[in-house]
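Q: Please take me on a close look at one part of this model, the mixed sheet and the helices that lie across it. I would like to see how the pieces fit together, with the cut-offs behind each term.

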Amino acid sequence: MKLVTWNTQWCRGLDGTVSVQRIVDGARAMADFDVLCLQEIAQGYADMPGGPGDQPAELQALLPGYRLFFGAAVDEFDAAGRRMRFGNLIATRLPVMQVQHHALPWPADVGVRSMPRMCTVVTVQSPTLGAVRVMTTHLEYYSKVQRMA
C-alpha cells in the first residue's frame, strides 16, 4: 500500500499561485498512491490569497477512481451567507470500510490566534495488509497548549 501525505497550505505554492493540479501532479510524482492525505484544504474562501475555490470538488475531478472524504475543522459562513470550510481530506482508491471525523481539543489560549482542528480517519481494505486505519490531522502551530492537548 502506498500513501502520500502533504500539508498543502490550501494548495498555494511559494510563488503565491493556488493550484490543486500542481499538488496532485506532485503527489503522483512521489508515488502511484493508494491513499492521499492532504491537510489545509479550502472550500468557499474567495477572499483567501489565491482564491482557492472549491478544492474538494477540484480534487474529485482530478482523481477519478478515488473516493474523497473531507473533514472540515472550520465550517462557517461569510456575511452573504456563503458556506466556507477548511480542513483535511483523504482520497483513496482502496475499498472503504469506515469513515470518522474527530474534533480535537481546543482549549483557550489567551492572546494566541488559532483555529479548531480535527482528525479524519478512514479505514481501508488493503489487498495485502487487510484493514488499515489511516488518519490525517494538522495540529495547531501557534499554540503549544492546543497542540499538546
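A: Here is a walk through that sheet, then its helices, and then an aromatic pair beside them.

A word on the basis comes before the tour. This is a predicted model, in which local features need pLDDT of at least 70 and side-chain atom pairs count only at pLDDT 80 or more, while totals for chains, interfaces and linings use all residues. Residues are numbered from 1 along each chain as its sequence is written, and side-chain values use heavy atoms, with hydrogens and water left out.

Let's start with the sheet itself. Four strands, in the order β1-β2-β4-β3, make an open sheet with mixed pairing; strands are DSSP runs of E with at least two residues, and helices are runs of H or I with at least four. Two strands pair if DSSP finds at least two bridges between them. At the edges sit β1 (3–7) and β3 (67–77), each of which pairs on one side only. Neighbouring strands are turned against each other by 15° on average, direction ignored.

Now follow the edge strand β3 to its partner β4 (residues 83–92). The two pair in the antiparallel sense over 10 bridges. Along this pairing, Ala72 has Gly87 of β4 as its bridge partner, and Glu76 stands opposite Met84 in β4. The hairpin of β3 and β4 has 5 residues between the strands, and there Gly81 takes a positive phi near 85°.

Two helices lie across the strands. Helix α1 lies across β1 and β2 (35–43), running at about 140° to β1. Helix α2 lies across β2, β3 and β4, at about 145° to β2. Such angles run from 0 to 180 degrees between N-to-C directions, with axes fitted to C-alpha atoms, for helices over the stretch in contact. Strand β2 is thus a good place to look for both helices, since α1 lies across β1 and β2 and α2 across β2, β3 and β4.

The helices also meet each other. α1 (residues 20–30) and α2 (residues 55–62) pack at an angle of about 45°, with their axes 10 Å apart. They are therefore oblique to each other, the class left over once angles under 35 degrees (roughly parallel), over 145 (roughly antiparallel) and 65 to 115 (roughly perpendicular) are set aside. In the contact (heavy atoms within 4.5 Å), α1 brings Val20, Gln21, Val24 and Arg28, and α2 brings Gln55, Glu58, Leu59 and Leu62. These residues divide into 4 nonpolar, 2 polar and 2 charged.

Finally, come back to β4 for its aromatic side chain. The whole structure holds 3 aromatic pairs, counted when ring centres lie within 6.5 Å, with planes under 30 degrees apart called stacked, over 60 edge-to-face and the rest tilted. Tyr45 and Phe86 form an edge-to-face pair, 6.3 Å centre to centre with 85° between the planes. Tyr45 lies in the loop between β2 and α2, and Phe86 in strand β4, so this pair ties together parts that are 41 residues apart in sequence.

Definitions and conventions. Ala, Val, Leu, Ile, Met, Phe, Trp, Tyr, Cys and Pro count as nonpolar, Asp, Glu, Lys and Arg as charged, and the others, Gly among them, as polar. Rings of Phe, Tyr and Trp (its six-membered ring) pair if their centres lie within 6.5 Å; planes under 30 degrees apart count as stacked, over 60 as edge-to-face and the rest as tilted.
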